[in-house]
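Please open the model in a viewer and keep the sequence panel in view. The stops below proceed from the whole chain to single strands, cores and side chains.

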Amino acid sequence: MTTRRNLMGSALGLVALHAAAPRALAQDGYPDRPVTLVVAWAPGGSSDLVARILTERMGKELGQPVVVDNRPGASGTIGQASVARARPDGYTILMSGRGTFAMASHLFPNRGYDDARDFTGIGKLCETPIYLCVSPKLGVDSVQALIERAKQKPGGMNYGSSGAGSSAHLATELFLKMADIQVENVTYRGGAPAVQALISGDVQLAFVDGVTALPLMRDGQLKGLAVGSAERFPLTPEIPTLSESGNGLAGYECSSQFSLLAPAGTPPAIIGKLWKAMDASMRDPEIVKRLNAAAYIPTVGRPEDFPAYLASETQRWGEVIRSRGITLE
C-alpha cells in the first residue's frame with residue numbers, strides 16, 4: 001500500500017539522484033574547459049619555466065589547455081592562499097615549492113590557510129639541487145676545509161641569502177647546525193645580488209640553486225663544494241653530496257622540490273586524471289631533456305603518498321627554524 005511516507009521517500013530519493021548525476025557527469029567529462037595552474041612566483045624565473053614546460057604537455061594529455069597564472073608574493077603564500085579558496089572542481093590547481101608548503105607555515109602563522117587541511121596533493125613533481133658554493137677567492141677546495149676555516153675564526157665569515165625563510169637561507173642554517181659552526185648571515189634583496197656578492201668575495205659562501213649555479217661554476221666564477229640533494233646530481237657527478245662529506249653532515253638533504261596541489265575536497269577521480277596527465281608529461285623524453293637543461297629532474301610521487309611527505313617535511317623544517325631562532329623580523 002502506497003503511503004504518504006513512501007511517496008515522500010521516493011521523491012527525496014529522486015531529488016538526491018538528480019543532484020548527484022550532474023556531479024558524476026562533471027567528473028566523467030572532466031575537463032571540458034581550460035585548467036588554471038597557479039604558480040606562486042613571478043614570471044620569468046626557473047619555477048615559472050618548469051610550469052610552462054609541464055603545462056604544454058599536460059594540456060595535450062587532458063585534452064584541454066592548462067594555463068599558467070602567476071600570483072607571486074610573501075614567499076608563495078599569496079598564490080597558495082588563492083587556491084585554498086578555489087572551488088574543488090579540478091579547474092584551479094597549484095604548483096607549490098617545498099619552501100612554501102613545508103617551511104612557510106612556521107614563518108607565516110597568519111597566512112590564511114592550513115596546508116594539510118586545505119589542500120589535496122596531486123603528487124611530487126620535480127626537484128632542482130642547491131649547491132654549497134664559495135668564492136674562488138676564499139681558497140678552499142672541500143667542505144672539510146671550509147668547516148675548518150670557519151672554526152678557526154667563529155663568526156669571522158659571512159654567507160649570503162635572499163632573506164629570512166628562503167630555501168637557500170634554511171639550507172644554510174641546516175648546514176651550520178649540523179657542522180656546528182658559526183657564520184654570519186648577510187641578507188640581500190633577492191637571490192641575484194646575493195650571488196653577485198659571493199662572486200665578488202663580499203661574502204664567502206652561499207647555497208645557490210642549480211639553474212643559477214651550474215653556468216657560474218662552469219665559468220669559474222663560483223666553486224661548488226657539495227650539492228644538498230640526497231644523491232649526486234647527474235649533471236655534476238664529480239661534486240659530492242653534503243651527506244657524504246663527513247663532518248657531522250650524514251643525512252643532510254635540501255633541494256628545491258615542487259609538487260602539484262588541488263583544493264581540499266577535489267574528487268579522487270579528478271585527482272587521478274590530473275596525476276596521470278602529470279606523470280605522462282614527466283615521462284616524455286623531450287620534457288625530461290628540457291627540464292634537465294634547466295637543472296631539474298622529474299621526481300613524480302603519487303597522491304596517496306603526499307600527506308606523509310608533507311607532514312615529515314613540515315616537522316623537519318619546523319625544527320630547523322625553531323632551533324636556529326629564525327623569524328621574519
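Among contacts (heavy atoms within 4.5 Å) in the protein chain between residues at least 6 apart in sequence, 79% join residues at least 24 apart. This is a predicted model, in which local features need pLDDT of at least 70 and side-chain atom pairs count only at pLDDT 80 or more, while totals for chains, interfaces and linings use all residues. Residues are numbered from 1 along each chain as its sequence is written, and side-chain values use heavy atoms, with hydrogens and water left out.

**The whole chain**

Display the C-alpha trace first: along its principal axes, the protein chain spans about 95 × 40 × 30 Å. Switching to a cartoon, the secondary structure comes to 12 helices and 10 strands. These elements are DSSP runs numbered from the N terminus, helices being H or I with at least four residues and strands E with at least two. Of the 329 residues in the protein chain, 50% are buried; buried means under 20% relative accessible area, exposed over 50%, and partly exposed in between, with a 1.4 Å probe and protein chains only.

Next, colour by pLDDT, the predictor's confidence in each residue, from 0 to 100. The mean for the protein chain is 89, and 91% of its residues reach 70 or more. Select residues 1-26, where the pLDDT is below 50; this stretch has 2 contacts in the model beyond near neighbours in sequence.

**Strand β1 and its partners**

Select residues 35-39, strand β1. This strand is largely enclosed by the rest of the structure, because 4 of its 5 residues are buried. Add residues 66-70: this is strand β2, which runs parallel to β1 and is joined to it by 5 bridges. Two strands are taken to pair if DSSP finds at least two bridges between them. V39 has N70 in β2 as its bridge partner. Between the two strands the chain passes through helix α2 (residues 46-62), and this β-α-β crossover is right-handed. The term applies if, with the strands pointing away from the viewer, the path from the first strand over the helix to the second runs clockwise.

Now add strand β3 (residues 92-97), which is parallel to β1 and joined to it by 4 bridges. Here L37 is partnered with I93 of β3.

Centre the view on V38, which also lies in β1. V38 counts as buried, at 0% relative accessibility. Not counting residues up to four places away in sequence, V38 touches D69, R71, G79, S82, V83, T92, I93, L94 and M95. A distance label from V38 to T100, C-alpha to C-alpha, should read 13 Å, across a separation of 62 residues in sequence.

**Strand β3 from both sides**

Which residues cover the two faces of β3? On one side are T92, L94 and S96, on the other I93, M95 and G97, and all are buried. In a regular strand the side chains alternate between the two faces of the sheet. Extend the selection to strand β9 (residues 255-263), which pairs with β3 in the antiparallel sense over 4 bridges. L94 and L261 are bridge partners in this pairing.

**The nonpolar cores**

A nonpolar core is a set of buried Ala, Val, Leu, Ile, Met, Phe, Trp, Tyr and Cys residues joined through side-chain atoms within 4.5 Å. In the largest, which has 46 residues, V143, L146, F175, F207 and L242 touch the most other members. Elements giving two or more residues to this core include β4 (119-134), α6 (143-152) and α12 (306-323). Helix α7 gives the most, with 7 residues.

Show the side chain of F175: leaving aside neighbours within four places in sequence, F175 is in contact with L132, V143, L146, I147, I181, F207, L242, L249 and Y252. A second, separate core of 32 residues includes L62, V66, M95 and I270.

**E173 in helix α7**

Select E173, found in helix α7 (residues 167-179). Is E173 buried or exposed? E173 is buried, with a relative accessible area of 9%. Beyond its neighbours within four places in sequence, E173 is in contact with Y159, R324 and I326.

**The cysteines**

Finally, show the cysteine sulfurs. A disulfide is a pair of cysteine sulfur atoms within 2.5 Å, and a search of the whole structure finds 0. The sulfur of C126 is 15 Å from the closest cysteine sulfur, in C254, and therefore too far for a bond. C254 is likewise in no disulfide, the nearest cysteine sulfur being that of C133, 13 Å away. C126 is buried at 1% relative accessibility, and C254 is buried with a relative accessible area of 1%.
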